[in-house]
Amino acid sequence: LHQLVDAPNWSGMSLTVREHEVLRLVATGKTNQQIGVLLAVSTRTAKAHVERIIARLGVANRTEAVARAISLGMLTPPAAPPITIFCGVACFRYTV
């Protein structure tokens with residue numbers, strides 16, 4: 001059995017520990033096949049987890065699931081990558 005993640009600030013929504021793992025991988029852009037490989041499950045099982053996450057969050061797709069999870073505090077938004085600015089021969093990197 002999968003345990004539910006303690007989610008006091010998630011507006012009554014709860015995901016299993018495994019679903020939360022899958023959601024984090026979805027947030028990084030992983031496909032169902034890649035999720036299956038990383039979690040040692042079939043692509044079909046990974047797809048079933050994603051479908052349950054989408055249903056539990058009441059959204060239409062993976063992108064909306066990630067956005068909803070961030071808005072509920074289930075996930076933290078990804079950090080912005082450093083910006084590289086080229087000025088002639090010099091190169092500067094800034095983190096915004």
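This report describes the fold, the helix H2 and the salt bridges of one protein chain. The model is a predicted one.

**Overall architecture**

The protein chain has 96 residues, 30% of which count as buried. Its secondary structure consists of 4 helices and 2 strands, and these elements follow the order α-α-α-α-β-β along the sequence. When contacts between residues at least 6 apart in sequence are considered, 39% join residues at least 24 apart. The exposed surface of the protein chain amounts to about 6400 Å², and carbon and sulfur atoms supply 58% of that area.

**Helix H2 and its surroundings**

Helix H2 spans residues 32–39, and its buried residues are Asn-32, Ile-35, Gly-36 and Leu-39. Viewed down the axis of H2, these buried residues fall within an arc of 100°, so they line one face of the helix. The cover over the buried residues of H2 includes three other helices: H1 (17–27), H3 (43–57) and H4 (62–72). On the face turned away from the buried side, H2 carries the exposed residues Gln-33, Val-37 and Leu-38. Just after H2, the backbone at Ala-40 adopts a positive phi of about 55°.

**Salt bridges**

Side chains of opposite charge can pair when their charged atoms come close. In this model the count comes to 3 salt bridges, which are set out below with the distance between nitrogen and oxygen.

| Acidic residue | Basic residue | N to O distance |
|---|---|---|
| Glu-21 | Arg-18 | 3.1 Å |
| Glu-19 | Arg-52 | 3.2 Å |
| Glu-19 | Arg-56 | 3.5 Å |

The pair formed by Glu-21 and Arg-18 is contained in helix H1, where the two residues are 3 residues apart, about one turn of the helix. Glu-21 is partly exposed, with a relative accessible area of 27%.

The salt bridge between Glu-19 and Arg-52 has its closest N and O atoms 3.2 Å apart. Glu-19 belongs to helix H1 and Arg-52 to helix H3, so this pair ties together parts that are 33 residues apart in sequence. Glu-19 is buried, at a relative accessible area of 2%, whereas Arg-52 is partly exposed at 37%.

Glu-19 also meets the side chain of Arg-56 in a salt bridge, at 3.5 Å from N to O. Here too the pair links distant parts of the chain, with Arg-56 in helix H3 and Glu-19 in helix H1, 37 residues apart. Arg-56 counts as partly exposed, at 36% relative accessibility. Together, Glu-19, Arg-52 and Arg-56 are linked in a network of salt bridges.

**The segment before H1**

Thr-16 lies in the segment that precedes H1. With a relative accessibility of 9%, Thr-16 counts as buried, because the cut-off for that class is under 20%. The side chain of Thr-16 reaches the backbone nitrogen of Glu-19 at a distance of 2.9 Å. Glu-19 is therefore approached through its backbone by Thr-16, while its side chain takes part in the salt-bridge network with Arg-52 and Arg-56, and Glu-19 itself is buried.

Technical notes: Residues are numbered from 1 along each chain as its sequence is written. This is a predicted model: local features need pLDDT of at least 70, side-chain atom pairs count only at pLDDT 80 or more; totals for chains, interfaces and linings use all residues. Side-chain values use heavy atoms; hydrogens and water are left out. Buried means under 20% relative accessible area, exposed over 50%, partly exposed in between (1.4 Å probe, protein chains only). The arc is that of the directions from the helix axis to the C-beta atoms. Contact means heavy atoms within 4.5 Å. A salt bridge is a side-chain nitrogen of Lys or Arg within 4 Å of a carboxyl oxygen of Asp or Glu. A polar contact is a pair of N or O atoms within 3.5 Å; within protein, one must be able to donate a hydrogen and the other to accept it, and residues adjacent in sequence count only if both atoms are side-chain atoms. Accessible areas come from the Shrake-Rupley method with a 1.4 Å probe; for residues, only the protein chains shown count as cover.
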